[in-house]
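Student: I have a structure to look at and I am new to it. Could you take me through it?

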Amino acid sequence: QVQLVESGGGFVQAGGSLRLSCAASGAIFTINEMGWYRQVPGKQRELVAIFTPSGLNYSDSVKGRFTLSKDDLRNTWLQMNSLKPEDTAVYYCKARARATMARETYDYWGQGTQVTVSP
């Protein structure tokens, strides 16, 4: 099994910064993709930023403001600068991974962390 633990959400005023962290653990054979999505009530979960085998992708709405980084130990960080009220959402870490002894890859999700940006 693969577990993702997120931290770093909170409350900030517009223009401020927050940094989210995600740590993957468990019996992991390989991680193909790892990044962040977000969701507001009544809307679909949307991509924020993600590392894939073909590179690093950002949504247009966060380009130039958010930076995704990672290490080789299965951790990722999302640095969020110049935050706007429309960035308010629950942020979820996602990994597409293959667990040890598994034949296929699956999408694994963290529990979510709330980010609230006040005007």
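Tutor: The following exchange covers the fold, the surface and the disulfide of this predicted model.

Student: How many helices and strands are there in the protein chain?

Tutor: The protein chain has eleven strands and zero helices. Along the sequence, the pattern therefore reads β-β-β-β-β-β-β-β-β-β-β, and the chain is as compact as a globular protein of its length, because its radius of gyration of 14 Å is close to the 14 Å that the globule rule gives for 119 residues.

Student: What does the C-alpha trace span along its principal axes?

Tutor: The span is about 50 × 25 × 25 Å.

Student: And what share of the residues is buried?

Tutor: Of the 119 residues in the protein chain, 40% are buried. The accessible surface comes to about 6500 Å², and carbon and sulfur atoms account for 49% of that surface.

Student: Changing topic: which residues does the disulfide join?

Tutor: Cys 22 is joined to Cys 93, with an S to S distance of 2.0 Å. Cys 22 belongs to strand β3 (residues 18–26) and Cys 93 to strand β9 (residues 89–99), so the link ties together parts that are 71 residues apart in sequence.

Student: Are those two cysteines buried or exposed?

Tutor: Cys 22 and Cys 93 are both buried. Their link is left-handed, with -80° about the S-S bond.

Student: Last one: how many charged side chains, positive and negative, are there?

Tutor: There are 13 positive and 10 negative side chains in the protein chain, and the centres of the two sets lie 1 Å apart.

Note on methods: Residues numbered from 1 in each chain as written. Predicted model: local features only at pLDDT ≥ 70, side-chain atom pairs only at ≥ 80, totals over all residues. Heavy atoms only, no water. Helix = DSSP H or I, 4+ residues; strand = E, 2+ residues; numbered from the N terminus. Rg over C-alpha atoms; globule rule 2.2 N^0.38 Å. Buried < 20%, exposed > 50% of the residue type's maximum accessible area, 1.4 Å probe, protein only. Areas by Shrake-Rupley, 256 points an atom, 1.4 Å probe, with all protein chains shown as cover. Lys, Arg positive; Asp, Glu negative; His and termini not counted. Charge placed at Lys NZ, Arg CZ, Asp CG, Glu CD. Disulfide = S-S within 2.5 Å.
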